[in-house]
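Trainee: I am new to this structure and would like to learn how to read its features step by step. Could you take me through them slowly?

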Amino acid sequence: MRIGGHFHSDNPLQDAIESGARLAQFFLGDPQGWKGPAIPGGDPGALRDAYAAADVDIYIHAPYVINVASTNNRIRIPSRKLLDQQLKAAAAIGAKGLIVHGGHVTADGDPATGVANWVKAIEQIERPLPLLIENTAGGNGAMARSLEAIARLWDGIDAAAGGDGTGNGAVGFCLDTCHANSAGIELADAVDRVKAITGRIDLVHCNNSRDEFGSGADRHANFDAGTIDPQLLLDVVRSAGAPVVCETPEAGLAADIAWLQART
């Protein structure tokens, strides 16, 4: 099982090596900005070769601003463009997948419209590597917060993507434990219930939470400092059987990675 972390420095590979991680997740630029992706060092081939030589897998997290579900053209259209750019850049450096949040519609918006917008994006954007949609912690109009919302979204996306869930252009699922807990999804059977909807879990974001169950808050914590029993986090990881990214605070990130590696 590949276990690693999300690294925020200018040299995620060095961070991964120093922490004993077998994969590194990072952003290709400002996670809160609309600028196109920037390849660290400027040479995609050199970056790809460096990670391969170190036997560290790459996962790229798309910017948070992307919201292809939005009913606002000024958000949805730039979101599709930026998502397309991120997919191409991630593929160029040999990433295993690009993670993107499910997005949302406004409080007075129809979730069905958000699903339809996602379907259009899936149909129109080329996917040279797996696109992994991540569940989110809060927001009444969120497309991937509750299990019911994920099911509604997946019905549309799965059909648009071809429904086979294979190949470079697969649309997969990333399960975030902090987000699920904050959204009111019991972690004890979350893996089985998600797989019953999506048929797959391609990546786990293994994070503890600073907040209580059902809070709707997205505040990650290290394994030994949150409200979720670390054993429950371990059970999710074992049950999912997928690669794992720890997105926990930097001060305890290496310890969290080591703790998981010692138990899986």
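Mentor: We will go from the sheet to its strand pairs, and then to the first helix and what packs around it. Please keep in mind that this is a predicted model.

Trainee: How many strands make up the closed barrel, and in which sense do they pair?

Mentor: The order of the strands around a sheet tells you how it is put together, and here 8 strands form a closed barrel in the order 1-2-3-4-5-6-7-10, with parallel pairing. Neighbouring strands of this sheet are turned against each other by 25° on average, when direction is ignored.

Trainee: Which residues should I look at to see strand 1 joined to strand 10 and to strand 2?

Mentor: Pairing is read from bridges, so to speak one rung at a time. Strand 1 runs parallel to strand 10 and is joined to it by 3 bridges, and within that pair Gly5 has Cys246 of strand 10 as its bridge partner. Strand 1 also runs parallel to strand 2, with 2 bridges between them, and there His6 is partnered by Gln25 of strand 2. Further along, strand 3 (residues 57-61) pairs with strand 4 (residues 97-101) in the parallel sense over 3 bridges, and His61 stands opposite Ile99 of strand 4. Helix 9 (residues 250-261) packs on the sheet, where it touches strand 1 and strand 10, and its direction makes about 160° with that of strand 1.

Trainee: Which residues of helix 1 are buried, and why do they lie on the same side?

Mentor: The general idea is that an α-helix has 3.6 residues a turn, so residues three or four places apart point the same way. In helix 1, the buried residues are Pro12, Leu13, Ala16 and Ser19. They lie on the same side of helix 1 because they cover an arc of only 140° around the axis. Among the elements that cover these buried residues are strand 2, helix 2 and helix 9. Just after helix 1 comes Gly20, which takes a positive phi of about 75°.

Trainee: How do helix 1 and helix 2 lie against each other, and what makes the contact?

Mentor: For two helices, one reads the distance and the crossing angle of their axes together. The axes of helix 1 (residues 12-19) and helix 2 (residues 44-54) come within 11 Å and cross at roughly 5°, which means that helix 1 is roughly parallel to helix 2. Helix 1 contributes Pro12, Leu13 and Ile17 to the contact, while helix 2 contributes Ala50, Tyr51 and Ala54. These contact residues divide into 6 nonpolar, no polar and no charged.

Terms used: Residues numbered from 1 in each chain as written. Predicted model: local features only at pLDDT ≥ 70, side-chain atom pairs only at ≥ 80, totals over all residues. Heavy atoms only, no water. Axes fitted to C-alpha atoms, helices over the stretch in contact; angles between N-to-C directions. Helix = DSSP H or I, 4+ residues; strand = E, 2+ residues; numbered from the N terminus. Parallel < 35°, antiparallel > 145°, perpendicular 65-115°, else oblique. Contact = heavy atoms within 4.5 Å. Nonpolar A, V, L, I, M, F, W, Y, C, P; charged D, E, K, R; others polar. Pairing = 2+ DSSP bridges. Buried < 20%, exposed > 50% of the residue type's maximum accessible area, 1.4 Å probe, protein only. Arc of directions from axis to C-beta.
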